[in-house]
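Here is a short tour for anyone meeting this structure for the first time. Have the sequence and the 3D view side by side as you read.

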Amino acid sequence: MSDTRQHVHELVDRLPPTQLSAVAGLLEAMIHEDDDELSEEDRQAVTASREYFQKGGEGIPFEQVVADLGFTMDQVRGHKGD
């Protein structure tokens, strides 16, 4: 087994159940990403997004999205509020 694979196994073994579930979902998405077929509407949205950013369009900072949803960054990071 490669050093990287062993290291990943060690890290996974240390994760709490909630994070383990998230990592499992991420790994499944990475493995099956080629299997997912995009609809024509999805392809058009991806193309429009790429064109927007190529023309200098800017995204929304994550912190702003969090605030717009009524959360704080501490809540997102899992910190307990006072």
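What follows goes from the general layout to a few pairs and patches worth finding in the viewer.

## The model and its confidence

First things first: this is a predicted model. Its average pLDDT is 83, and 88% of the residues score at least 70. Where pLDDT is low, the predicted coordinates should not be read in detail.

Which helix comes out with the highest mean pLDDT, and which with the lowest? Helix α4 takes the top spot with 91, while helix α2, covering residues 17–32, sits at the bottom with 80.

## Overall layout

The protein is built with 5 helices and 0 strands. Walk along the sequence and you get the pattern α-α-α-α-α.

How much of the protein is buried? Out of 82 residues, buried ones make up 4%. The accessible surface adds up to about 7,700 Å², and carbon and sulfur atoms account for 54% of that.

## Helix α1 and a link to Ala-24

Helix α1 runs over residues 3–14, and Val-12 is part of it. With a relative accessibility of 26%, Val-12 counts as partly exposed, because buried would mean under 20%.

To place Val-12 in space, try Ala-24 as a landmark. These two are 12 residues apart along the chain, and their C-alpha atoms are separated by 9.5 Å.

## Two salt bridges

The structure has 2 salt bridges. One joins Arg-43 to Glu-40, with 3.9 Å between the closest N and O atoms. Both partners belong to helix α3 (residues 40–54), where they are 3 residues apart, or about one turn of the helix. Arg-43 has a relative accessible area of 40%, so it is partly exposed; Glu-40 is also partly exposed, at 48%.

The other bridge pairs Arg-77 with Asp-74, and here the closest N and O atoms are 4.0 Å apart. Is Arg-77 buried or exposed? At 53% relative accessible area, Arg-77 is exposed, because the cut-off for that is over 50%. Its partner Asp-74, at 41%, counts as partly exposed.

## An aromatic pair

Now for the rings. A pair of aromatic rings is described by the distance of the centres and the angle of the planes. Searching the whole structure turns up 1 aromatic pair. It is made by Tyr-52 and Phe-53: their ring centres are 5.1 Å apart and their planes stand at 80 degrees, so the pair is edge-to-face. An angle over 60 degrees is what earns that label.

How open are these two residues to the outside? Tyr-52 is partly exposed, with 44% relative accessible area, and Phe-53 is partly exposed too, with 43%.

## A nonpolar patch on the surface

Which residues make up the nonpolar surface patch? The members are Ile-60, Phe-62, Val-65, Leu-69, Phe-71 and Val-76, and together they offer about 600 Å² of accessible area.

Phe-62 is a handy place to start looking for the patch. You will find Phe-62 in helix α4, which spans residues 62–68. Its relative accessibility is 48%, so Phe-62 counts as partly exposed. Helix α4 is also the element with the highest mean pLDDT in the protein, at 91.

Definitions and conventions
Residues numbered from 1 in each chain as written. Predicted model: local features only at pLDDT ≥ 70, side-chain atom pairs only at ≥ 80, totals over all residues. Heavy atoms only, no water. Patch = residues over 30% accessible without salt bridge, like charges linked within 9 Å, V, L, I, M, F, W, Y side chains within 5 Å. Areas by Shrake-Rupley, 256 points an atom, 1.4 Å probe, with all protein chains shown as cover. Salt bridge = Lys/Arg side-chain N within 4 Å of Asp/Glu carboxyl O. Helix = DSSP H or I, 4+ residues; strand = E, 2+ residues; numbered from the N terminus. Buried < 20%, exposed > 50% of the residue type's maximum accessible area, 1.4 Å probe, protein only. Phe/Tyr/Trp six-rings, centres within 6.5 Å; stacked < 30°, edge-to-face > 60°. pLDDT = per-residue confidence, 0-100.
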